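Biologist: Could you take me through one part of this model up close, the place where two helices pass each other, and then work outwards from there? An informal tour is fine.

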Amino acid sequence: MHIPRRSLLAALGAVAALGLSACSGPYSISSEVSSFGSWPESRKPGSFAFERLPSQAQAGAIADNQARIEASARAALLKAGFTEATDAKSADVLVSLGMRVDAQDRAPWDDPLWWRWQGSYSHWRYGGLGRIGMYHPSDMLDRRYDRSVAVLLRDRQSAEPLYEARASNEGMTQGPSELAGALFEAALSDFPKVRPEPHRVVVQAIR
């Protein structure tokens, strides 16, 4: 059956629009969270200012990256009840941040059940055996990304650490741009309570 070119293009455009709409909107991000410290029960969140380590304060790309990390954590701190101080000297607490994204190459035989491998079982088990030399060992590796953030709150006057929290998850990519904010929100979700045992926290993000 012949389909007019104009109709075909219109149909393809509708499918593309549907795909875009399906990829936008709220979705859930699950993280593993641990928190530590001794935040005083009667102490209110108060004001905060970001504090950078000397290695994070270098001019150029490092400072720009740290600024992006701080921007991602700001909403989580505000949601936890803090307000941002005009400068570090007037803040109640100083906030130190860290974020890491580590690539891990895992082979299917690293896991006895191979359930985490994203490749095809028959692709390497059978197809590879019959065509030696066509596949490189790296073709069978499952690259995963371990993504984690850390937050440390210190009293500005005494420099005493009051609260520490970490959140992490993993995936097949480095993660969308909104992932950092979701991880920081998960890390501070228990504040001011502490839960040292790793536990699951699910937050909503918007593409």
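**The helix crossing and what surrounds it**

Modeller: Let's start at the crossing itself: helix α2 goes past helix α4 in a right-handed sense. Keep in mind that this is a predicted model. The two axes, for α2 (residues 61–79) and α4 (residues 179–187), come within 8 Å and cross at roughly 40°. On the α2 side, the contact uses Ile69, Ser72, Ala73, Ala76 and Lys79, while α4 brings Ala180, Gly181, Phe184 and Glu185. Sort those residues by character and you get five nonpolar, two polar and two charged.

Now stay on α4 for a moment and pick out Leu183, which sits in that helix. Leu183 has a relative accessibility of 0%, so it counts as buried. Leaving out residues up to four places away in sequence, Leu183 touches Ser31, Arg147, Ser148, Val149, Ala167, Ser168 and Asn169. Take Ser31 from that list: Leu183 and Ser31 are 152 residues apart in sequence, yet their C-alpha atoms are 6.9 Å apart in space.

Over on α2, have a look at Glu70, which belongs to that helix. Glu70 is a charged residue, and its relative accessible area is 9%; the cut-off for buried is under 20%, so Glu70 counts as buried. Not counting residues up to four places away in sequence, Glu70 touches Phe50, Arg52 and Leu97.

Step back to the interior as a whole. The largest nonpolar core has 32 residues, and Val95 and Leu153 are the ones with the most contacts inside it. At least two residues of this core come from each of β1 (26–37), β2, α2, β4 (93–106), β5 (142–155), β6 (161–171), α4 and β7 (199–206). The element that gives the most is α4, with six residues. So both helices of our crossing turn up again here, α2 and α4 each supplying at least two core residues.

Leu153 is a good place to see how the core is wired. Setting aside neighbours within four places in sequence, Leu153 is in contact with Trp39, Leu77, Phe82, Leu94, Val95, Glu160, Pro161, Leu162, Tyr163 and Phe191. Val95, the other residue named for its contacts inside the core, is among those partners.

Several of those partners carry aromatic rings, and that takes us to the ring pairs. The count of aromatic pairs comes to six. One of them is Phe82 with Phe191, a tilted pair at 5.2 Å centre to centre and 45° between the planes. That pair ties together distant parts of the chain: Phe82 is in the loop between α2 and β3 (83–84), Phe191 is in the loop between α4 and β7, and they are 109 residues apart. Phe82 and Phe191 are both buried. Another pair is Tyr163 with Phe191, where the ring centres are 5.0 Å apart and the planes stand at 85°, so this one is edge-to-face. It also links distant parts of the chain, with Tyr163 in strand β6, Phe191 in the loop between α4 and β7, and their positions 28 residues apart. Tyr163 is buried too, as is Phe191. Taken together, ring pairs join Trp39, Phe48, Phe50, Phe82, Tyr163 and Phe191 into a cluster. Phe50 should ring a bell, since Glu70 of α2 touches it.

The loop that holds Phe191 has another residue to check, Val194, placed between α4 and β7. Val194 has 35% relative accessibility, so it counts as partly exposed. Its contacts, not counting residues up to four places away in sequence, are Ser35, Phe36, Gly37 and Tyr163. Val194 and Glu164 have C-alpha atoms 8.7 Å apart in space, with their places 30 residues apart in sequence.

One more stop, this time in strand β2 (residues 47–50), where you'll find Ser47. Ser47 is buried, with a relative accessible area of 11%. Apart from residues up to four places away in sequence, Ser47 touches Thr83, Ala85, Ser90, Ala91, Asp92 and Val93.

Finally, the wider frame. The chain has four helices and seven strands, and reading along the sequence they follow the pattern α-β-β-α-β-β-α-β-β-α-β. Of its 207 residues, 33% count as buried. Among contacts with a separation of 6 or more, 78% are between residues 24 or more positions apart.

Conventions: Residues numbered from 1 in each chain as written. Predicted model: local features only at pLDDT ≥ 70, side-chain atom pairs only at ≥ 80, totals over all residues. Heavy atoms only, no water. Axes fitted to C-alpha atoms, helices over the stretch in contact; angles between N-to-C directions. Left-handed = near helix turned anticlockwise from the far one by under 90°. Contact = heavy atoms within 4.5 Å. Buried < 20%, exposed > 50% of the residue type's maximum accessible area, 1.4 Å probe, protein only. Core = buried A, V, L, I, M, F, W, Y, C linked by side-chain atoms within 4.5 Å. Phe/Tyr/Trp six-rings, centres within 6.5 Å; stacked < 30°, edge-to-face > 60°.
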